Amino acid sequence: MPPEPGVLYDFRPVTEKDLPMIAGWLAEPHVAEWWDDPETEIAGIRENIDSISVEPLIVELDGKPIAYLQSYDPHLEDGHPYADQPFGTLGIDLSIGVPELVGKGHGSAIVRQFVEQLFEEGAPRVVIDPHPDNGRAIRAYEKAGFRTIDRRHSEYGDVVLMAVDAEGDTQEGE
């Protein structure tokens, strides 16, 4: 069942207590296919709890955790492969952890709501980088307003770099 029109998600910071739940999500086949080894990923998420460049978040629906979401600033990391994007650009990653909620429209709804929040905070552009074989994610991000701007290969693997710009912001050089 798709999310009700106007459904609102809550975004809260990840805490140490969330890590076992996230590890469980990373072990789910629909997530494991696109993420690295869960222990490595959890170590990275734990490090990012206090990071200035990455903000790890839990997405809640009706008070229940349903997804892992992170935003990051590619300009705060040395040599980040997306540092060529306009200054102020933020990147995001999303994984819906609860298998029953996959393929129901939550991905595009979560991303749309979070991107609006980032625009309100002043981001001129938001990028997301699904794997080229992850058609479900690419379609969800297109529904949320993203468009493909590049195909890249970096330390993060083979990706389709997608972007959405704030209203009235048009970026040159694509």
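This is a short tour of a pocket, a helix residue, a cavity and a loop residue, to be followed with the structure open in a viewer. Please keep in mind throughout that the model is predicted.

**The largest pocket**

Begin by selecting W34, W35, D93, L94 and S95, which, among the 46 residues that line the largest pocket, lie nearest its centre. The space in this pocket comes to about 1400 Å³. To see which elements give two or more residues to its lining, colour the helices α2 (29–32), α3 (38–48), α4 (106–120) and α5 (135–143), and then add the strands β3 (64–72), β4 (90–96) and β7 (157–165). If you next colour the lining of the largest pocket by residue class, you should find 18 nonpolar residues, 15 polar ones and 13 charged ones.

**H30 in helix α2**

Now move to helix α2 and select H30, which is found there. Is H30 buried or exposed? Its relative accessible area is 19%, and because buried means under 20%, H30 counts as buried. With the side chain of H30 shown, look for the backbone oxygen of I96, which that side chain reaches at 2.7 Å. Then display the residues that H30 touches, leaving aside those up to four places away in sequence: these are I96, G97, V98, P99, V102 and R136.

**The largest cavity**

The next stop is a cavity, and a search of the whole structure finds one of 30 Å³ or more. About 40 Å³ of space lies in this largest cavity, and to locate it you can select its lining residues, I22, W25, L26, V31, Y68, S95, I96 and G97. Two elements, α1 (19–27) and β4, each supply at least two residues of this lining, with α1 giving the largest share, three residues. Coloured by class, the lining of the largest cavity shows six nonpolar residues and two polar ones, with no charged residue.

While both selections are at hand, note that I96 and G97, which are touched by H30, also appear in the lining of the largest cavity. S95 likewise appears in that lining, and S95 is also one of the residues that lie nearest the centre of the largest pocket.

**D62 in a loop**

Finish at D62, whose place is in the loop between β2 (54–61) and β3. The relative accessible area of D62 is 67%, and D62 is therefore exposed, since that word applies over 50%. Check its backbone as well, where phi is near 55°, a positive value in a residue other than glycine. Most residues other than glycine have a negative phi.

Notes:
Residues numbered from 1 in each chain as written. Predicted model: local features only at pLDDT ≥ 70, side-chain atom pairs only at ≥ 80, totals over all residues. Heavy atoms only, no water. 1 Å grid on protein atoms, 1.4 Å probe; cavity = no way out; pocket = protein on both sides within 12 Å on 5 of 7 lines; lining within 4 Å. Points joined across faces, edges and corners; volume = space filled by probe spheres on them. Helix = DSSP H or I, 4+ residues; strand = E, 2+ residues; numbered from the N terminus. Nonpolar A, V, L, I, M, F, W, Y, C, P; charged D, E, K, R; others polar. Buried < 20%, exposed > 50% of the residue type's maximum accessible area, 1.4 Å probe, protein only. Polar contact = N/O pair within 3.5 Å; in protein donor to acceptor, adjacent residues only side chain to side chain. Contact = heavy atoms within 4.5 Å.
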